[in-house]
Amino acid sequence: MEETKFAELNQEQLKEIKQLEDKLEVTLIAYDNAVLENQNSFGNTLE
């Protein structure tokens, strides 16, 4: 099973992110691009 990883942010960093979200009216998310590349490679096999 694949391990789920979470960012370790302090309270000041979380506050800054929340302020950016409010200012931009968005919800910010993070993801591991390497995981997405692996998933896409399974669908791009040559016949």
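## Briefing: a helix pair and its surroundings

Asp-22 and Lys-18 sit about one helical turn from each other, because they are 4 residues apart in helix H1, which covers residues 11-24. Please keep in mind that this is a predicted model. In it, the side chains of these two residues form a salt bridge, with 3.3 Å from N to O. A search of the whole structure turns up 1 salt bridge. The points below start with the chain in general and then go through the charged residues, the nonpolar patch, the loop and two long-range pairs.

**The chain in outline**

- The chain has 2 helices and 0 strands.
- Of its 47 residues, 2% are buried.
- About 5,200 Å² of the chain is exposed, and carbon and sulfur atoms account for 52% of that area.

**The Asp-22 and Lys-18 pair**

- As a general point, side chains that carry opposite charges can pair when their charged atoms come close.
- In this model the distance between Asp-22 and Lys-18 is 3.3 Å, N to O, and a salt bridge is counted within 4 Å.
- Asp-22 is partly exposed, at 48% relative accessible area.
- Lys-18, which also has its place in helix H1, is partly exposed as well, with a value of 45%.

**Glu-21, a charged residue without a salt bridge**

- Is Glu-21 buried or exposed? Glu-21 is buried, and it has no salt bridge.
- Which side chain of opposite charge is nearest to Glu-21? That side chain belongs to Lys-18, and it is 4.6 Å away. Since a salt bridge needs a nitrogen within 4 Å of a carboxyl oxygen, the 4.6 Å separation does not qualify.
- Glu-21 lies in helix H1, and a polar atom of its side chain is 2.9 Å from the backbone nitrogen of Leu-28.
- Leaving aside residues up to four places away in sequence, Glu-21 touches Val-26, Thr-27 and Leu-28.

**The nonpolar surface patch**

- Which residues make the nonpolar surface patch of about 550 Å²? They are Leu-9, Leu-14, Ile-17, Leu-20, Leu-24, Val-26 and Leu-28.
- Leu-20, one of these patch residues, is found in helix H1. Leu-20 is partly exposed, with a relative accessibility of 43%.
- Val-26 and Leu-28 belong to this patch, and both are also touched by Glu-21.

**Glu-25 in the loop**

- Where is Glu-25? Glu-25 has its place in the loop between H1 and helix H2, the latter covering residues 33-43.
- The phi angle of Glu-25 is near 55°, which is a positive value in a residue other than glycine.
- Glu-25 is exposed, because its relative accessible area of 74% is over the 50% cut-off.

**Pairs separated along the chain**

- Lys-18 and Leu-28 are 10 residues apart in sequence, and their C-alpha atoms are 8.7 Å apart in space. Glu-21 links into this picture too: Lys-18 has the nearest side chain of opposite charge to Glu-21, while the backbone nitrogen of Leu-28 is 2.9 Å from a polar side-chain atom of Glu-21.
- Phe-6 and Ala-30 are 24 residues apart along the chain, with 9.5 Å between their C-alpha atoms.
- Phe-6 is found in the segment before H1 and counts as exposed, at 72% relative accessibility.

Conventions:
Residues are numbered from 1 along each chain as its sequence is written. This is a predicted model: local features need pLDDT of at least 70, side-chain atom pairs count only at pLDDT 80 or more; totals for chains, interfaces and linings use all residues. Side-chain values use heavy atoms; hydrogens and water are left out. Buried means under 20% relative accessible area, exposed over 50%, partly exposed in between (1.4 Å probe, protein chains only). Patches are made of residues with over 30% relative accessible area and no salt bridge: like charges are joined within 9 Å, nonpolar side chains (Val, Leu, Ile, Met, Phe, Trp, Tyr) within 5 Å. Accessible areas come from the Shrake-Rupley method with a 1.4 Å probe; for residues, only the protein chains shown count as cover. Lys and Arg count as positive and Asp and Glu as negative; His and the chain ends are not counted. A polar contact is a pair of N or O atoms within 3.5 Å; within protein, one must be able to donate a hydrogen and the other to accept it, and residues adjacent in sequence count only if both atoms are side-chain atoms. Contact means heavy atoms within 4.5 Å.
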